[in-house]
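Visitor: I have a structure to go through and a few basic questions. Can we start with a term I keep running into, the polar contact?

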Amino acid sequence: MKLKKLAALLTAALMAMSLAACTTEESGAPAGDDNPSQSQNDPGNDKPAEKKTLIMGTSADFAPYEFHKMVDGEDKILGFDVALARKIAEEMDAELEIKDMDFNSLLIELQNGRLDFVAAGLSPDPKRAQQVDFSDPYYFGSQCCIIREEDADKYQSVEDFEGVPIAAQVGSIQEGLVRDLFPGATLVSLAKLPDEILSLSSGKVDGVVVETAVANGFIAKNPGLTIGFDVPYDAKGSCLAVQKGNTELLDHINAVIADVTESGEMDEMVTQANLDAEGAEE
């Protein structure tokens, strides 16, 4: 009899344990959890996903592409390159971070992975194309030579700069144009465009080769300067640059460029940048 009672007790205990296990599995929560759904789905435990940061490199002395301007007491970088970059970041649901540096450092920093892309009125020449990948063009501009108004009769073509100092920005397409088209001139390479304009106004150089839209901005703020003549240039347009092989970002950038170009928004960006450039700091 005792053995029968012991066997019955063991059977009952095993059945109780089995029922408890089934209850735990079906509820999806361990025994003793009074409100499992609250602990698993508590909104207070959900952290919002952090936005990706998209880092743009530029040289903000190239109005109306990119330039500094005081807005409500704060130094801001504006321009149609910046407006396009913000559109790209917006479409990627990303925060845009702008790093301003010397033009000649931009592609180096991009290749080293410290930038996601470069927006600085870049022309896709073959040498640069070996270093980075370029987007589709989003703006086409011409090149010119700025001179002093008093020298308008003296400098009317590239041939007139034989043995004469002429300035261009270090690492720029204009620096290459001076080397190729002004072989008799003395090239003065400077890091910043305002320094070139100052050198021209003070008589240290007799000309500055620059993109025409940029030239108009400087001339408006520097009485006594004028465009002497157009510089021959096979315009390939201005493009953004990304690291070699970054096709995902490049495809996204090209899609945005196609959209703003077709819709006319790019023209609006250029118009607004020219308006903003009035009164901008050099």
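Guide: A polar contact is a pair of N or O atoms within 3.5 Å; within protein, one of them must be able to donate a hydrogen and the other to accept it. Keep in mind that this is a predicted model.

Visitor: Which side chain makes a polar contact with the side chain of Arg114?

Guide: That of Glu109, at 2.9 Å.

Visitor: What else does Arg114 touch?

Guide: Leaving aside residues up to four places away in sequence, Arg114 touches Ile55 and Lys99 as well as Glu109.

Visitor: Where is Arg114 placed?

Guide: In the loop between helix H4 (106-111) and strand S6 (117-122). Its relative accessibility is 43%, so Arg114 counts as partly exposed. Met56 is 58 residues apart from Arg114 along the chain, yet their C-alpha atoms are separated by 9.4 Å.

Visitor: New topic. What is the strand order in the open sheet of 3 strands?

Guide: S2-S3-S4, with antiparallel pairing. Strands S2 (61-62) and S4 (74-78) are at the edges with a single partner strand each, so one side of each has no neighbour in the sheet.

Visitor: How many bridges join S3 to S4?

Guide: There are 5 between S4 and S3 (residues 66-71). As an example, His68 has Ile77 in S4 as its bridge partner.

Visitor: How many cavities of 30 Å³ or more turn up?

Guide: The search of the whole structure finds 1, with a volume of about 160 Å³. Its lining has 21 residues, and among the closest to the centre are Gly121 and Gln174.

Visitor: What kinds of residues form that lining?

Guide: The lining divides into 10 nonpolar, 9 polar and 2 charged residues. S6 gives the largest share, 3 residues.

Notes: Residues are numbered from 1 along each chain as its sequence is written. This is a predicted model: local features need pLDDT of at least 70, side-chain atom pairs count only at pLDDT 80 or more; totals for chains, interfaces and linings use all residues. Side-chain values use heavy atoms; hydrogens and water are left out. Two strands pair if DSSP finds at least two bridges between them. Helices (H or I, at least four residues) and strands (E, at least two) are DSSP runs, numbered from the N terminus. Buried means under 20% relative accessible area, exposed over 50%, partly exposed in between (1.4 Å probe, protein chains only). Contact means heavy atoms within 4.5 Å. On a 1 Å grid over the protein atoms alone, a cavity is a set of points where a 1.4 Å probe fits but cannot get out, and a pocket is an open set with protein on both sides within 12 Å along at least five of seven lines; lining residues have an atom within 4 Å of a point. Grid points are joined across faces, edges and corners, and a volume is the space filled by probe spheres set on the points. Ala, Val, Leu, Ile, Met, Phe, Trp, Tyr, Cys and Pro count as nonpolar, Asp, Glu, Lys and Arg as charged, and the others, Gly among them, as polar.
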